[in-house]
There are 2 protein chains.
Amino acid sequence: MNLPRTLELAPLGGDLDRVERALEESVRHRDRFLGEVASHLVGAGGKRLRPALTLCAAYASRDGSHPVPADVVTGAVAVELVHLGSLYHDDVIDEAETRRGVPSVNARWSNIVAILAGDFLLARASELAASLGADVAALLASTIGELCRGQVLELQHLFDVERSEESYFAAIEGKTASLMATACRIGGMVSGADDDALDSLGEFGRHLGLCFQIVDDVLDLTATEEALGKPSGQDLLEGVYTLPVIVGLRSSPTLRDHLGRPIPPNRLDEIRRLATSDGAIEAAYDTARSHAKAADEALASSPGLDPEVCTALRRLVDGLVGRSS
Amino acid sequence: MNLPRTLELAPLGGDLDRVERALEESVRHRDRFLGEVASHLVGAGGKRLRPALTLCAAYASRDGSHPVPADVVTGAVAVELVHLGSLYHDDVIDEAETRRGVPSVNARWSNIVAILAGDFLLARASELAASLGADVAALLASTIGELCRGQVLELQHLFDVERSEESYFAAIEGKTASLMATACRIGGMVSGADDDALDSLGEFGRHLGLCFQIVDDVLDLTATEEALGKPSGQDLLEGVYTLPVIVGLRSSPTLRDHLGRPIPPNRLDEIRRLATSDGAIEAAYDTARSHAKAADEALASSPGLDPEVCTALRRLVDGLVGRSS
């Protein structure tokens with residue numbers, strides 16, 4: 001699923017191309033090796049959902065006018081660099097071999113290089129944010145802190161069959177929703193949106209992020225490897241018990257018997273089937289839909305935002321719930 | 001060696017206590033575990049050389065007046081947090097077991113936790129820097145990028161018997177001198193120093209950093225484990241060929257025969273002795289002294305800086321060259 005395409009906003013394609021070029025430029029470095037490593041994942045593509053959110057938030061704050069000023073593109077790049085930098089570190093943490101169809105940085109070079117290059121991408125993001133003013137720099141920095149907190153929370157509950165929904169939501173608020181909220185907010189900040197509009201955009205991004213992550217977690221259980229582009233069931237193998245599994249654990253003693261410890265890979269499919277029965281998937285989708293609705297409502301509450309752009313953003317959220325990969 | 005004590009500046013003790021309290025405060029977190037991990041190295045103490053530089057740069061920019069305003073303390077904390085965050089990642093990279101007499105974060109918890117907590121400290125540093133304005137935020141962010149570049153450069157030349165002095169200096173410029181320069185510059189920026197004074201402070205910090213690192217690298221070869229507080233010869237074991245070794249390699253074919261590959265630990269002392277003969281140590285000290293002199297001269301060139309503070313800073317640099325641990 002190419003997410004920004006579902007936005008159906010005419011100017012988005014052109015502005016996303018500008019983001020792409022600015023992204024490539026931002027990771028160029030006089031040190032050839034560092035430049036090569038830093039640009040590795042940029043070159044591998046990706047949905048660019050976060051930059052698309054920054055651009056759309058800017059359109060919404062500017063009566064739909066486009067192309068956006070260069071500062072908006074810079075904000076979109078800063079947000080994507082934070083995402084990419086965190087992926088470099090995630091892949092070290094998960095010992096991932098591939099990412100977006102190419103070898104991960106840790107696999108191609110080493111963990112050491114991936115840690116340093118991830119730090120470099122986060123630093124470049126902070127530098128770009130600072131060029132947009134102290135408020136944007138402060139917001140992006142605190143968001144990086146939230147990302148860390150979300151991931152630490154997830155780590156603390158690996159293989160925890162007692163994991164609560166609260167713990168799950170606190171983790172995904174940090175690791176996913178915070179940066180989506182910031183992506184939207186920065187688009188508004190750089191466009192001079194007022195505080196009400198910024199709050200609406202931030203809440204929209206936050207609920208969109210929660211919805212996105214819940215669907216992601218469901219798909220990890222239900223989608224085929226072909227659709228996902230990576231093996232499914234990874235969360236179960238890593239001991240990350242996501243919303244559908246938490247729901248399933250409440251009603252299925254059999255599932256509980258199988259979890260709480262590493263799964264033998266040859267039993268993964270059986271356990272995956274157990275985790276997807278008894279309405280757990282539908283319950284997770286209900287929750288995802290409630291966040292999609294909250295995202296809709298966040299936009300509806302701000303008169304300062306362009307209605308046409310808001311309609312397109314609502315369609316994006318609906319598309320997220322229905323996506324299959 | 002407790003470096004700031006050699007500064008003999010009356011107000012420094014009180015202001016460093018404020019930095020210490022603000023450091024502890026800065027890593028407190030509503031998530032108890034993240035707070036505990038983030039404060040682990042803060043609690044283990046350290047020389048606090050970088051915060052001392054920020055404070056002194058502020059004294060020098062404010063006619064010696066003290067105590068410094070709260071913003072200077074914030075700047076000092078931001079700089080130290082960058083240093084600490086990079087140590088968390090260094091210890092993962094070096095697989096270090098201890099740091100400052102306590103277990104390293106990676107050893108006590110895990111590499112994963114150390115990576116995330118290091119990210120968190122860097123993010124907190126960026127957030128504090130943003131509270132001091134976009135210029136400080138931009139400078140700190142670009143300095144974090146320089147740290148990464150310096151470390152990547154070092155990695156690229158592990159076990160490289162052809163490593164040049166240029167490569168060595170480019171690496172230590174990035175990994176040590178850049179943050180010392182920034183520590184000084186921020187002290188001046190927050191105190192309203194003019195551009196000339198800022199350049200002088202930055203050059204002072206840069207040369208001090210180069211001098212500090214060269215002496216550090218010499219001591220790794222010459223000092224006892226007791227004086228260092230950690231096993232000596234670590235650089236040789238890790239394949240990091242520092243200035244004295246680069247000098248020694250030029251004149252000693254025997255040394256060259258032993259290097260270029262991992263050293264069996266039982267031959268370390270013999271190779272360490274080889275690397276410290278033939279005047280290589282004295283040559284490295286000569287270079288360190290030339291940077292001490294350049295640091296002196298940088299301060300002398302700025303009429304806007306308080307002469308008494310500058311004298312104390314010069315004594316600090318002289319103390320660095322003569323230190324034995």
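How many residues does the contact take from chain B and from chain A? It takes 34 from chain B and 34 from chain A, and the legends below start there. A word on conventions: the model is predicted, local features need pLDDT of at least 70, side-chain atom pairs count only at pLDDT 80 or more, and totals for chains, interfaces and linings use all residues. Residues are numbered from 1 along each chain as its sequence is written, while chains are lettered from A and ligands numbered from 1 in the order in which they are written.

**View 1. Two copies about an axis.** A turn of 180° with a shift of 0.0 Å along the axis lays chain B on chain A with an RMSD of 0.0 Å (least-squares superposition on the C-alpha atoms of residues with pLDDT of at least 70 in both copies). The two copies are thus related as by a two-fold rotation axis. In chain B, B:A134 has the C-alpha nearest that axis, 2.2 Å from it.

**View 2. The side of chain B that touches chain A.** Of the interface residues of chain B, 100% are also interface residues in chain A, so the copies meet through the same surface (contact means C-beta atoms, placed from the backbone, within 7 Å). The contact takes 34 residues from chain B, and the elements giving two or more residues to this side are α2 (32-38), α5 (70-94), α7 (111-131) and α8 (134-156) of chain B. Helices here are DSSP runs of H or I, at least four residues, and strands are runs of E, at least two, numbered from the N terminus. The largest share, 14 residues, comes from α8(B). By class, this side of chain B has 21 nonpolar, 8 polar and 5 charged residues; Ala, Val, Leu, Ile, Met, Phe, Trp, Tyr, Cys and Pro count as nonpolar, Asp, Glu, Lys and Arg as charged, and the others, Gly among them, as polar.

**View 3. Helix α17(A) and its partner α4(A).** Helix α4 (residues 49-61) and helix α17 (residues 307-322) of chain A pack at an angle of about 150°, with their axes 8 Å apart (axes are lines fitted to C-alpha atoms, for helices over the stretch in contact, and angles run from 0 to 180 degrees between N-to-C directions). α4(A) and α17(A) are therefore roughly antiparallel to each other, a label for angles over 145 degrees. Look for A:C56, A:Y59 and A:A60 of α4(A) meeting A:V309, A:C310 and A:L313 of α17(A). The residues of this contact divide into 6 nonpolar, no polar and no charged.

**View 4. Helix α17(A) again, now with α16(A).** The axes of α16(A) (residues 280-300) and α17(A) come within 10 Å and cross at roughly 175°, so α16(A) and α17(A) are roughly antiparallel to each other. Residues that meet include A:A288, A:R289 and A:D296 in α16(A), and A:R314, A:V317 and A:D318 in α17(A). This contact has 9 nonpolar, no polar and 4 charged residues.

**View 5. Helix α13(A), tucked in.** In helix α13 (residues 243-251) of chain A, 7 of the 9 residues are buried, so the helix is largely enclosed by the rest of the structure (buried: 20 or more other C-beta atoms within 10 Å of a residue's own, C-beta atoms being placed from the backbone). Among them are A:L243, A:P244 and A:L249. The buried residues of α13(A) pack against α9 (165-190), α10 (195-222), α14 (253-258), α15 (268-275) and α16 of chain A.

**View 6. B:I186 and its surroundings.** B:I186 is found in helix α9 (residues 165-190) of chain B. B:I186 is buried, with 33 other C-beta atoms within 10 Å. Not counting residues up to four places away in sequence, B:I186 touches B:T54, B:G75, B:V79, B:V136 and B:L139.

How values were computed:
Two residues are in contact if their C-beta atoms, placed from the backbone, lie within 7 Å. Angles under 35 degrees count as roughly parallel, over 145 as roughly antiparallel, 65 to 115 as roughly perpendicular and the rest as oblique. A residue is buried if 20 or more other C-beta atoms lie within 10 Å of its own, exposed if 12 or fewer, and partly exposed in between; C-beta atoms are placed from the backbone.
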